[in-house]
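This briefing concerns the packing of helices, the arrangement of strands and the enclosed spaces in one protein chain. Please keep the structure in view while reading.

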Amino acid sequence: MQRLKVAVITPGSFVIPSSRSSSVERVIARMVPLASHKLQAQIYGIRGAETPDHGDVDGIPCMRYTRGAGYIPEVIADLKRWLPAVIDVHNRPAVAYAIREALPDSKIVLTLHSTTFIREPHLKRKDMGRLLLPMDRIIVNSAYLGAIVASDSPDAVRERIVINKLGIHPGDFLPRWTPAAEAIRSARLEDFGWSGRRIVLYAGRLVPGKGVHRLLKALRRIVHTCPDVLLLIAGSAYYGHDRLTPYTAALHRQIRKLRLARHVHFLGYVPHPALASLYQLADVAVVPSVEAEAFGLVNLEAMAAGVPVVASRIGGIPEVIQHGKTGWLVYPSHGEQEMADAIIRLLQQPDLRQRMGEAGLGEVRSQFLWQHSAERWAQIVTDCAIE
């Protein structure tokens, strides 16, 4: 039986695959190949210095074009030659609309990863319904994001929204809770000069909405109870490099003002493969967002490493973290005391950390694997094609 032809269109911002891409490309690179036994898929992305124009992503053909204004017209021209039954456009409603008009005989799916491109300045609220109405399916990664899309859309759009939660590959992470893993961790901490320190990890972009400034305020409180605490900050304002911004400069000033220099270490931008090994060092991972996250893949990464998470009770995060079981959810509006108390409690109780860490790993294995995401995605596009 011939497999269904499905085209997957990346936003055209980063090369795929790449250790320095955004989470959008990472989702595509991880999920799509796992559906290859059911679908004949092709991925469309941009050229990179070290990638061929026509290559593959884990066995899936990948067509690459010059980044910029010509990217989508070139993609459309090749789509007209290949004529896929379904075209899945990631995170760009305007692009999905343009492809809908260019290929009226194909079914068009829009996969949204966040609210960024359905909000100003990228999209006026009044235009959202017009752009989404021609879509045959709208895939979101959380019920929260689905509700945001539905709130600004006509009934016909609401009926086409489906949820496909993201996943993780546990093999990328080494969970802490075995004697061998603990021995490796101890050796690595000694190599870094961090032996005897209790490690709190933040991994993500350094932008105001991620709330690192809030975590630093909490850290001031934590230090009084846990004077050996060390906060590792892995990330930068931009994917792929460490350019200084007003916000990152403000974080450094805040550290000096709060006299936290001995308790904070900036690691800069860390490519994803290397980031996976950092989780093994952590006693607690913190996601202190002050703006709503649609999903928060970093929560799953920590859970896959067996690390309990303290995260903001905001957006789609509560759909990932089970409060009191795999971590603690705290309210951004309640100041920093609630966050500090949750982190202190975990730092002071190794048994609780292990119990929550193991519970998080169990949740990942039961419902948050890339294989789960791939199977749902394959079913969604197949159902869309046969309607």
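Contact here means heavy atoms within 4.5 Å. In this predicted model, helix 14 lies across strand 1 (4-9), strand 2 (39-46), strand 5 (86-90), strand 6, strand 7 and strand 8. Helix 14 runs at about 115° to strand 1. The points below take up the sheet, the helices and the cavities in turn.

**The sheet**

- The sheet is open and has 8 strands in the order 3-4-2-1-5-6-7-8, with mixed pairing.
- Strand 3 (54-57) and strand 8 (161-163) stand at the edges; each has a single partner strand, so one side of each is left without a neighbour in the sheet.
- Direction ignored, neighbouring strands of this sheet are turned against each other by 25° on average.
- Strand 6 (residues 107-111) pairs with strand 7 (residues 137-140) in the parallel sense, over 3 bridges.
- Leu-110 has Ile-138 of strand 7 as its bridge partner.

**Helices and their packing**

- Helix 5 (residues 143-151) lies across strand 7 and strand 8, and runs at about 170° to strand 8.
- The axes of helix 1 (residues 23-31) and helix 14 (residues 370-386) come within 9 Å and cross at roughly 85°.
- Angles of 65 to 115 degrees count as roughly perpendicular, and helix 1 is therefore roughly perpendicular to helix 14.
- Helix 1 contributes Val-27, Arg-30 and Met-31 to this contact, while helix 14 contributes Trp-370, Ser-373, Ala-374 and Trp-377.
- By class, the residues of the contact between helix 1 and helix 14 are 5 nonpolar, 1 polar and 1 charged.

**Cavities**

- How many cavities of 30 Å³ or more are there? The count comes to 2.
- The largest cavity holds about 100 Å³ of space.
- Its lining consists of 14 residues, and Val-27, Thr-111, Ile-139, Asn-164 and Leu-166 lie nearest the centre.
- Helix 1, strand 7 and helix 14 are the elements that give two or more residues to the lining of the largest cavity.
- The lining of the largest cavity divides into 7 nonpolar, 6 polar and 1 charged residues.
- The second largest cavity holds about 50 Å³ of space.
- Arg-26, Arg-30, Ile-168, His-169, Asp-172, His-272, Leu-297, Glu-301 and Trp-370 line the second largest cavity.
- At least two residues of that lining come from each of helix 1 and helix 11 (297-304).
- The lining of the second largest cavity comprises 3 nonpolar, 2 polar and 4 charged residues.
- Val-27 takes part in the contact of helix 1 with helix 14 and also lines the largest cavity.
- Arg-30 and Trp-370 belong to that helix contact and to the lining of the second largest cavity.

How values were computed: Residues numbered from 1 in each chain as written. Predicted model: local features only at pLDDT ≥ 70, side-chain atom pairs only at ≥ 80, totals over all residues. Heavy atoms only, no water. Axes fitted to C-alpha atoms, helices over the stretch in contact; angles between N-to-C directions. Helix = DSSP H or I, 4+ residues; strand = E, 2+ residues; numbered from the N terminus. Parallel < 35°, antiparallel > 145°, perpendicular 65-115°, else oblique. Nonpolar A, V, L, I, M, F, W, Y, C, P; charged D, E, K, R; others polar. Pairing = 2+ DSSP bridges. 1 Å grid on protein atoms, 1.4 Å probe; cavity = no way out; pocket = protein on both sides within 12 Å on 5 of 7 lines; lining within 4 Å. Points joined across faces, edges and corners; volume = space filled by probe spheres on them.
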